[in-house]
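Visitor: I'd like a close look at a single part of this model, the place where two of its helices pack against each other. Could you walk me through it and then show me how it sits in the rest?

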Protein chains: 2
Amino acid sequence: MRDTGVSPALALTAASAPGLDARRPSKADQVYASVKEAILSGLLPPGSAIDKAALCDQLGMSRFPVGIAVGRLAFEKLVVVEPQHGSFVSRISLGDVREFMLIRRALEGDLAAEAAKARLPGLDMELARSLRYQATAVEAADHAGFYRLDVGFHRLIVQALGLTHAADMLERLLSHLERVRRLLTTPPGHAGRTLEDHRAIADAIAARDPGMAALAARAHLERTTAMFASFAQQNPTLFAEADHA
Amino acid sequence: MRDTGVSPALALTAASAPGLDARRPSKADQVYASVKEAILSGLLPPGSAIDKAALCDQLGMSRFPVGIAVGRLAFEKLVVVEPQHGSFVSRISLGDVREFMLIRRALEGDLAAEAAKARLPGLDMELARSLRYQATAVEAADHAGFYRLDVGFHRLIVQALGLTHAADMLERLLSHLERVRRLLTTPPGHAGRTLEDHRAIADAIAARDPGMAALAARAHLERTTAMFASFAQQNPTLFAEADHA
DNA sequence: GCCTACACACTGGCATGCTAGTTGAATGCA
DNA sequence: TGCATTCAACTAGCATGCCAGTGTGTAGGC
């Protein structure tokens with residue numbers, strides 16, 4: 001008995017596949033986006049089987065686009081396909097999380113420094129605006145809203161620099177981290193501290209201080225990593241590794 | 001007249017697709033490896049059309065595995081596929097090179113620091129051994145050999161840390177950079193300076209000095225970036241952007 | 001002679017049928 | 001009753017046929 005194998009109802013998402021030109025999305029793009037969304041949202045939990053036949057029925061298309069989409073997700077390591085056996089949502093290990101956060105720390109640290117060096121006119125304003133929204137979300141205790149703003153804040157910096165490859169990379173890292181973030185309960189006061197961290201980053205960028213910006217970004221992500229780790233220690237079962245054999 | 005369209009003879013490569021389990025490689029894996037090798041080696045230069053039909057003939061298989069393989073390469077951005085028009089080897093822009101090097105600098109800087117912190121027993125020895133080989137290659141003026149050792153040196157650090165995701169990422173970055181490296185003529189004395197840089201990195205790691213290791217790695221990659229840039233300035237035509245429309 | 005419009009050939013996207021390999025269960029044997 | 005073997009159902013990989021959209025070459029009109 002491997003897993004339920006039930007594939008929850010799935011809606012077609014309009015989003016296109018990242019990394020491909022923004023053409024009219026093909027069917028494969030659509031099911032890619034749909035399944036990815038289902039995985040990230042937790043609708044398809046780690047370890048669950050992906051019933052391609054059911055997907056074909058639900059989405060009203062043949063096995064071809066579905067196979068393509070699952071292949072892409074496998075390439076992204078969000079699903080693991082066992083050749084003549086089945087396709088499964090990949091499991092998460094604490095080691096993976098630490099590694100993803102290490103990469104994020106390195107990359108976003110440098111990006112913050114670059115943003116400070118770049119003297120981008122619009123960025124300071126956009127960051128400040130995002131911060132105001134974040135403050136509002138914190139006051140309103142709107143966790144979901146704050147998270148969206150959190151992600152958006154980080155995205156602002158990469159996008160302002162116009163670094164598309166780095167943006168793709170971070171997006172991919174976030175997609176993996178998103179799955180575990182869905183599980184964890186953010187400790188009280190977390191949003192407030194995150195907001196302070198963000199302020200420090202934005203201030204350093206506005207002050208055109210690359211070193212400080214990098215430090216602030218790295219400190220912020222280290223705090224986030226620590227939060228992940230402490231949560232994992234409290235819920236060791238969620239990160240159980242390689243019990244699928 | 002877009003391009004020659006001739007697809008040079010292609011041999012099947014035994015290598016498996018990175019990012020997939022090391023199972024018996026499927027046909028799609030094989031043609032993926034073959035075409036990727038052809039692209040990286042310059043056999044299929046940037047901008048050239050990929051004749052899928054010819055590939056099917058040469059490799060003796062149907063369009064299916066070829067399509068899958070090209071799709072993966074498109075996902076990796078090594079080829080760009082224009083829906084009802086054709087698939088082409090993606091062009092290289094100087095901006096991309098700078099961005100890739102920026103990411104490398106950020107990532108490898110932190111990895112060097114982690115290696116210094118990790119106190120890995122075998123790594124120091126392996127790095128030292130690689131350095132001896134590198135010195136031999138420099139004395140023998142064996143450019144190709146030195147490059148292989150260069151890549152291997154950087155790989156040693158990631159692998160010793162056991163960070164598979166970071167390793168994959170760097171591998172992907174290198175695959176893009178490899179194409180332009182094939183084009184450029186390394187300036188005289190470059191190998192020697194690279195060797196010195198590598199020594200500084202290895203020394204810092206052996207001395208368990210994370211800060212120094214990061215600095216050395218970053219300085220090294222900045223020098224490499226500068227070499228790329230100066231070469232690009234001397235050969236502006238090679239990096240011509242978006243002349244394909 | 002030049003510009004336009006049409007038709008053809010080529011491309012990738014998709015549907016479907018087939019094959020080989022794995023899994024788990026049912027069945028026969030000890 | 002417990003174990004080994006066989007078989008049936010499922011999976012992914014692959015081949016092939018068809019369709020729609022695009023680019024180009026050509027022929028016709030101005």
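**Helix H4 and its surroundings**

Guide: Let's start with H4(A) and helix H6 (residues 143-161) of chain A, which pack at an angle of about 55°, with their axes 10 Å apart. Helices here are DSSP runs of H or I with at least four residues, strands are E runs of at least two, and both are numbered from the N terminus. An axis is a line fitted to C-alpha atoms, for helices over the stretch in contact, and angles run from 0 to 180 degrees between N-to-C directions. H4(A) and H6(A) are therefore oblique to each other; under 35 degrees would count as roughly parallel, over 145 as roughly antiparallel, 65 to 115 as roughly perpendicular, and the rest is oblique. H4(A) passes H6(A) in a left-handed crossing, the near helix being turned anticlockwise from the far one by less than a right angle (clockwise would be right-handed).

On the H4(A) side, the contact uses Glu108(A), Leu111(A), Ala112(A), Glu114(A), Ala115(A) and Ala118(A), and H6(A) answers with His154(A), Ile157(A), Val158(A), Ala160(A) and Leu161(A). Two residues are in contact if their C-beta atoms, placed from the backbone, lie within 7 Å. By class that gives eight nonpolar, one polar and two charged residues, where Ala, Val, Leu, Ile, Met, Phe, Trp, Tyr, Cys and Pro are nonpolar, Asp, Glu, Lys and Arg charged, and the others, Gly among them, polar.

A word on what you're looking at: this is a predicted model, where local features need pLDDT of at least 70, side-chain atom pairs count only at pLDDT 80 or more, and totals for chains, interfaces and linings use all residues. Residues are numbered from 1 along each chain as its sequence is written, while chains are lettered from A and ligands numbered from 1 in the order in which they are written. Chain A averages a pLDDT (the predictor's confidence in each residue, from 0 to 100) of 88, and 88% of its residues score at least 70. Go easy on residues 1-8 and 14-22 of chain A, though, where pLDDT stays under 50.

H4 has a second job in the contact between chains, which takes 24 residues from chain A and 24 residues from chain B. H3, helix H4 (94-118) and helix H7 (164-183) of chain A each supply at least two residues of the side that touches chain B, and H4(A) gives the most, with 10 residues. That side of chain A divides into 13 nonpolar, four polar and seven charged residues.

A rotation of 180° with 0.0 Å of shift along its axis superposes chain A on chain B, with an RMSD of 0.1 Å; the fit is by least squares on the C-alpha atoms of residues with pLDDT of at least 70 in both copies. That is the relation of a two-fold axis. In chain A, the C-alpha nearest the axis belongs to Ala106(A), 2.7 Å from it. The same surface serves both copies, as 100% of the contact residues of chain A recur in chain B.

H3 also packs within its own chain: the axes of helix H1 (residues 27-41) and helix H3 (residues 63-75) of chain A come within 8 Å and cross at roughly 55°. That makes H1(A) oblique to H3(A), and their crossing is right-handed.
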